[in-house]
Amino acid sequence: MSFDDLINRHGTHCAKWDMMEQVYGVPTNDGIAMWVADTDYRAPAPVLNKMREMVDHGVFGYVNLDQPYKDAIRWWMRTRHDWVVDADAIFTTTGLVNGVGMCLDTFTQPGDGIVLFTPVYHAFAKVIRNAGREVVECQMVNNDGRYEMDFEAYDEQMTGKEKMVILCSPHNPGGRVWTQAELQAVADFAKRHDLLLLSDEIHHDLVYPGHTHIPMQNAAPEITDRLLMLTAPSKTFNIAGLHTGQVIIPDPELRGQFAKRMLALSLAPNSVGQFATAAAYSAEGAAWVDDQISYIDENRKVFDAAIAGIPGLRSMPLEATYLAWVDFSGTGMDRAEFTNRVEQTAKIAVNHGTTFGSGGEQFLRFNLGTQRARIEEACDRLKDAFSDLQ
C-alpha cells in the first residue's frame with residue numbers, strides 16, 4: 001500500500017472526521033481532522049487478510065486463541081524491544097484506557113492520590129477522577145522545548161496519600177523518549193514514596209531514528225514488585241477501534257490480584273481483536289511499521305518546517321509518536337485567539353492543551369498520522385491564518 005492514498009473517512013461513523021464540527025465547530029465539509037489519535041492509513045495486509053478470512057468463514061463463535069495470541073505478543077516485544085515477557089503476565093483489556101481503569105480499580109481505593117507528570121494524555125485524569133481518586137499533577141519543566149522531570153520538586157509535593165504514579169513512555173503529547181537515567185529516576189521516585197508504577201507504553205513502536213525506547217521493566221528491573229506495564233497494537237497498526245490492549249504484570253502477587261478482579265467482572269477479550277493482534281505482530285507487520293515510521297517522519301519534517309516559519313509558534317522536537325505539540329506562547333495571543341485562528345480560520349480540528357493538565361495551556365496538539373497532502377494543506381492554512389505575524 002501507499003501511505004499517500006487518500007482515504008475518505010467521512011460518513012463512516014469516524015470519531016475524528018465525523019464529529020469535529022460537533023466538538024470543535026470545524027466544518028465537516030472542508031475541515032481537516034487532526035485531533036483524535038488514530039491514523040488515516042489502512043491497517044497492514046496481514047491484519048486485513050485475517051479479517052477477510054474471518055468474514056469468509058462466517059462463524060463468530062467462542063474461540064481459544066490464548067497461546068498464539070500471547071506467543072505473537074511475546075515475539076514482538078522480544079524482537080522489537082529486547083523485552084522478555086512471561087505469557088502468564090499478559091492480560092487483555094478493552095484498550096489501554098480500560099487497562100488504566102482496571103489497574104485503578106484493582107490496586108487503589110477512592111480518595112487515593114494518583115500522580116501524573118503533566119501535561120500528559122488527557123484520558124488519564126478523566127479516568128482517575130471518575131474513579132473517585134485524586135489527580136496529583138507534577139508539572140514537568142519545559143527546558144527550551146524539551147520536557148524534563150524535577151523530582152526534588154515532586155518529592156516536596158507528596159503527602160503520603162499517593163498510591164500510584166502513571167508514566168507515559170514515550171510521552172504523549174511531548175513526544176519524548178525517556179532515557180535510561182530518566183526512567184531510573186521515575187523508578188526511584190516510585191520506590192521512595194511506595195507507589196505502584198503504571199507505565200503506559202502504547203507509543204513504543206513509533207520511535208524515530210536516533211532514539212530507542214526502553215521498556216520500564218528493562219530499565220529498572222528492581223521495581224518489578226510494583227510495576228504494571230501497558231501495551232497495545234492500536235496506535236502502531238491503526239486498529240484502535242478493536243479495543244484490544246494488554247496489561248502486563250511481571251510480579252506474581254500483583255498478577256494474582258489483577259486476575260481475580262478480571263474474573264470477578266467477567267472480562268474477556270474479543271476474538272477479532274485477538275486475531276488482528278496476532279496477525280499484526282509478525283514479520284510482515286514489522287516491515288509495514290518501519291515504512292510507516294519513515295513516512296510519518298517526513299510528515300513531521302514538513303510540519304515542523306512550516307511551524308518554524310511562523311513567528312511565535314514552536315513545535316516540540318518529536319522523538320516518538322505522530323502527535324505534534326505546538327507552543328503558541330510566542331504569539332502574545334491569549335488561548336482563545338490562537339485557538340480560534342486554528343479552528344475557525346484554518347479550519348483544523350486539534351486537541352486543546354488545557355485538557356492535558358498543568359503546563360499545557362499555551363499548546364495545541366496536531367495529529368500528523370495522515371496523508372502528506374493533508375499535512376501540506378494544513379501547513380498552508382496555518383501560514384494564512386497567522387499571516388499577519390510574518
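Where in the chain does P119 lie? In this predicted model, P119 is found in the loop that runs between strand 3 and helix 6 (122-130). The peptide bond leading into P119 from T118 is cis, its omega being near 0°. A cis bond is also seen from N172 to P173, here with omega near 25°. P173, too, belongs to a loop, the one between strand 7 (162-168) and helix 8 (180-192). A further backbone feature worth a look is N238, which has a positive phi of about 55° although it is not a glycine. N238 sits in the loop between helix 10 (234-237) and strand 10.

Stepping back to the whole chain, the model holds 15 helices and 15 strands. The radius of gyration is 21 Å, close to the 21 Å given by the globule rule for 390 residues, so the chain is as compact as a globular protein of that length. The C-alpha trace spans about 60 × 60 × 40 Å along its principal axes.

Two of the sheets can be followed strand by strand. Seven strands make up an open sheet with mixed pairing, in the order 2-10-9-8-7-3-4. Strand 2 and strand 4 (134-139) are the edge strands, each with a single partner, so one side of each is left without a neighbour in the sheet. On average, neighbouring strands of this sheet are turned by 25° against each other, direction ignored. Within the sheet, strand 3 (residues 113-118) and strand 4 run parallel and are joined by six bridges. L116 has E137 of strand 4 as its bridge partner. Helix 4 lies across strand 2, strand 9 (227-231) and strand 10 (245-248), and runs at about 110° to strand 2.

The other sheet, also open, consists of four strands in the order 11-12-15-14, with antiparallel pairing. Its edges are formed by strand 11 (314-315) and strand 14 (351-352); each has a single partner strand, so one side of each is left without a neighbour in the sheet. Five bridges connect strand 12 (residues 323-327) with strand 15 (residues 363-367) in the antiparallel sense. A324 stands opposite F366 of strand 15. Helix 14 (residues 335-345) lies across strand 14 and strand 15, and its direction makes an angle of about 20° with strand 15.

The model also offers some open and enclosed space to explore. The second largest pocket contains about 450 Å³ of space. Its lining comprises 20 residues, and D66, L267, A268, P269 and Q274 are those nearest the centre of the pocket. At least two lining residues come from each of helix 4 (66-81), strand 2 (90-93), helix 11 (252-264) and helix 12 (271-280). Helix 4 and strand 2 thus return here as contributors to the pocket lining, after their appearance together in the seven-stranded sheet region, where the helix lies across the strand. By class, twelve of the lining residues are nonpolar, six are polar and two are charged.

As for enclosed space, the structure has one cavity of 30 Å³ or more. The largest cavity holds about 40 Å³ of space. L206, Y208, I293, I296, T321 and Y322 form the lining of this cavity. Five of these residues are nonpolar and one is polar, with no charged residue in the lining.

Definitions and conventions:
Residues are numbered from 1 along each chain as its sequence is written. This is a predicted model: local features need pLDDT of at least 70, side-chain atom pairs count only at pLDDT 80 or more; totals for chains, interfaces and linings use all residues. Side-chain values use heavy atoms; hydrogens and water are left out. On a 1 Å grid over the protein atoms alone, a cavity is a set of points where a 1.4 Å probe fits but cannot get out, and a pocket is an open set with protein on both sides within 12 Å along at least five of seven lines; lining residues have an atom within 4 Å of a point. Grid points are joined across faces, edges and corners, and a volume is the space filled by probe spheres set on the points. Ala, Val, Leu, Ile, Met, Phe, Trp, Tyr, Cys and Pro count as nonpolar, Asp, Glu, Lys and Arg as charged, and the others, Gly among them, as polar. Two strands pair if DSSP finds at least two bridges between them. Axes are lines fitted to C-alpha atoms, for helices over the stretch in contact, and angles run from 0 to 180 degrees between N-to-C directions. Contact means heavy atoms within 4.5 Å. The radius of gyration is taken over C-alpha atoms; the globule rule is 2.2 Å times the number of residues to the power 0.38.
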